[in-house]
Amino acid sequence: MTREYTPTFAENEWRQLKPFVSDVASRVAEHVRYPEAAILHSVAHHAHWAHLVAGMPLRAEVLFSRDVIAYSVSMIPTSRPSTMARHRSILLRVGEALGIIDTDRPLPRLRAADPSAPYSAAQIQELRTWATLQRDPASRRSAHALITLGIGAGLPTRDLSRVRAADIDLDFSHLTVISGNSPRTVRVAREWTEDLRAVARRAEHWDASLFRPGIEFHKNVVHTFVQRSVAQEIGPTTQRMRATWLVRNLSVGVPMQDLLHWAGLKSMDALVRYQQFLPAPETADARDTPASTADSPCPTPGSTLRP
């Protein structure tokens, strides 16, 4: 069948890729419920982009990881969702048949079913990869700032869009929100402190916003950035990032008055929707002491942070 298949790219490029494509197609033919011609077409064009355009090594364990597949599909020059969905499905099934993709993990949804559902650890890792995959240094800096401020500090769009490097205390991993209706000090999650420091160090200017510097704020600034990003189907939403931060703090027992202050909330009523995502009491890790009392003192509301 491979001898009969002729791709649309150059013949000399096909000669480089044909042994790899043929081997992959033959290994998965009995396990993937798509016509062999469809498998060959998807694998060939995926390998062409990943190896000859993106410069990735021609190894199955690299090309058929979930993140590379998501990136590759986002680069398909078509606006038809059905074409992208079919190509993505074939490549995911190939990755599963090769034993590279864990079939026990649910496939990432193109849209979140519940806008308040926190991200899982695996999904957070995918978001880190998404940030790294962006096209240029400025986009990568903004993507990393977005997930760090969103998941690490739980900031909504109106706040994270205005945070500057000057607002971050690099010694105590706090940041200040100085605009909007709720000026406040926010404690960054312990596992995101190094990311916060890196984002601050890479800032274009000490007084410029970390996310989309130079872009005038509007309520859809995050949504627009994600929709125009590489691999936008695995990109973040501010609602789910904030939910991740809130559930994490609720799970480890941060004092309610501290959490309400950090989150810019006036009442505990706003947290009721997240109760369904909390772990059962006996599974909560008592050793994970709330950051407000364990790692370092949180500055009092209204105090000035040194840069």
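Begin by selecting Trp49 and Tyr71, both of which are buried; bear in mind throughout that this is a predicted model. Among the 5 aromatic pairs that the count gives, Trp49 and Tyr71 form one that is edge-to-face, with 5.2 Å centre to centre and 75 degrees between the planes. If you colour by helix, you will find Trp49 in helix α2 and Tyr71 in helix α4 (residues 66-74), so that the pair links distant parts of the chain, 22 residues apart.

Stay with the aromatic rings and select Tyr5, Phe9 and Trp14 next, since these residues form one aromatic cluster. Within the cluster, Phe9 and Trp14 make an edge-to-face pair, at 6.2 Å centre to centre and with 65 degrees between the planes, and both residues are buried.

Two further rings are worth displaying together with an arginine. At Trp192, the charged end of Arg128 sits over the ring, 4.1 Å from its centre, while at Phe217 it is Arg162 that lies over the face, at 4.3 Å from the ring centre.

Return now to helix α2 and show the second largest pocket, which has a volume of about 360 Å³. Select His41, His45, Ile76, Pro77 and His87, which lie nearest the centre of this pocket among its 17 lining residues. Helix α2 (36-53) and helix α5 (81-97) each supply at least two residues of the lining, and α2 gives the most, with 8 residues. Colouring the lining of the second largest pocket by residue class should show 8 nonpolar, 8 polar and 1 charged.

From the pocket, follow helix α5 to Arg93 and Glu96, whose side chains meet in a salt bridge (3.0 Å, N to O). Because Arg93 and Glu96 are 3 residues apart in helix α5, they are separated by about one helical turn. Arg93 counts as partly exposed, at 23% relative accessibility.

The structure holds 12 salt bridges, and another one to select is that between Arg184 and Asp159, where the side chains meet at 2.9 Å, N to O. Arg184 lies in strand β3 (residues 184-187) and Asp159 in helix α8 (residues 157-160), so this pair ties together parts that are 25 residues apart in sequence. Arg184 counts as buried at 6% relative accessibility, and Asp159 is buried as well, with a relative accessible area of 2%.

Move on to helix α9 (residues 193-201), where Arg197 and Glu194 lie 3 residues apart, about one turn of the helix, and where their side chains meet in a salt bridge (2.6 Å, N to O). Arg197 is buried, with a relative accessible area of 19%, whereas Glu194 is partly exposed, with 49%. Then add Arg164, Asp167 and Asp207 to the selection, which are joined into one network by salt bridges that share partners.

The last stop is inside the protein, where the count comes to 4 cavities of 30 Å³ or more. The largest cavity has a volume of about 100 Å³, and to outline it you can select its lining residues, including Ala138, Arg141, His144, Val199, Arg202, Glu204, Leu210 and Pro213. Helix α7 (residues 137-151) provides the largest share of this lining, 5 residues. By class, the lining of the largest cavity has 6 nonpolar, 3 polar and 3 charged residues.

Key:
Residues are numbered from 1 along each chain as its sequence is written. This is a predicted model: local features need pLDDT of at least 70, side-chain atom pairs count only at pLDDT 80 or more; totals for chains, interfaces and linings use all residues. Side-chain values use heavy atoms; hydrogens and water are left out. On a 1 Å grid over the protein atoms alone, a cavity is a set of points where a 1.4 Å probe fits but cannot get out, and a pocket is an open set with protein on both sides within 12 Å along at least five of seven lines; lining residues have an atom within 4 Å of a point. Grid points are joined across faces, edges and corners, and a volume is the space filled by probe spheres set on the points. Helices (H or I, at least four residues) and strands (E, at least two) are DSSP runs, numbered from the N terminus. Ala, Val, Leu, Ile, Met, Phe, Trp, Tyr, Cys and Pro count as nonpolar, Asp, Glu, Lys and Arg as charged, and the others, Gly among them, as polar. Rings of Phe, Tyr and Trp (its six-membered ring) pair if their centres lie within 6.5 Å; planes under 30 degrees apart count as stacked, over 60 as edge-to-face and the rest as tilted. Buried means under 20% relative accessible area, exposed over 50%, partly exposed in between (1.4 Å probe, protein chains only). A charge sits over a ring if NZ of Lys or CZ of Arg is within 6 Å of the ring centre and within 35 degrees of the ring normal. A salt bridge is a side-chain nitrogen of Lys or Arg within 4 Å of a carboxyl oxygen of Asp or Glu.
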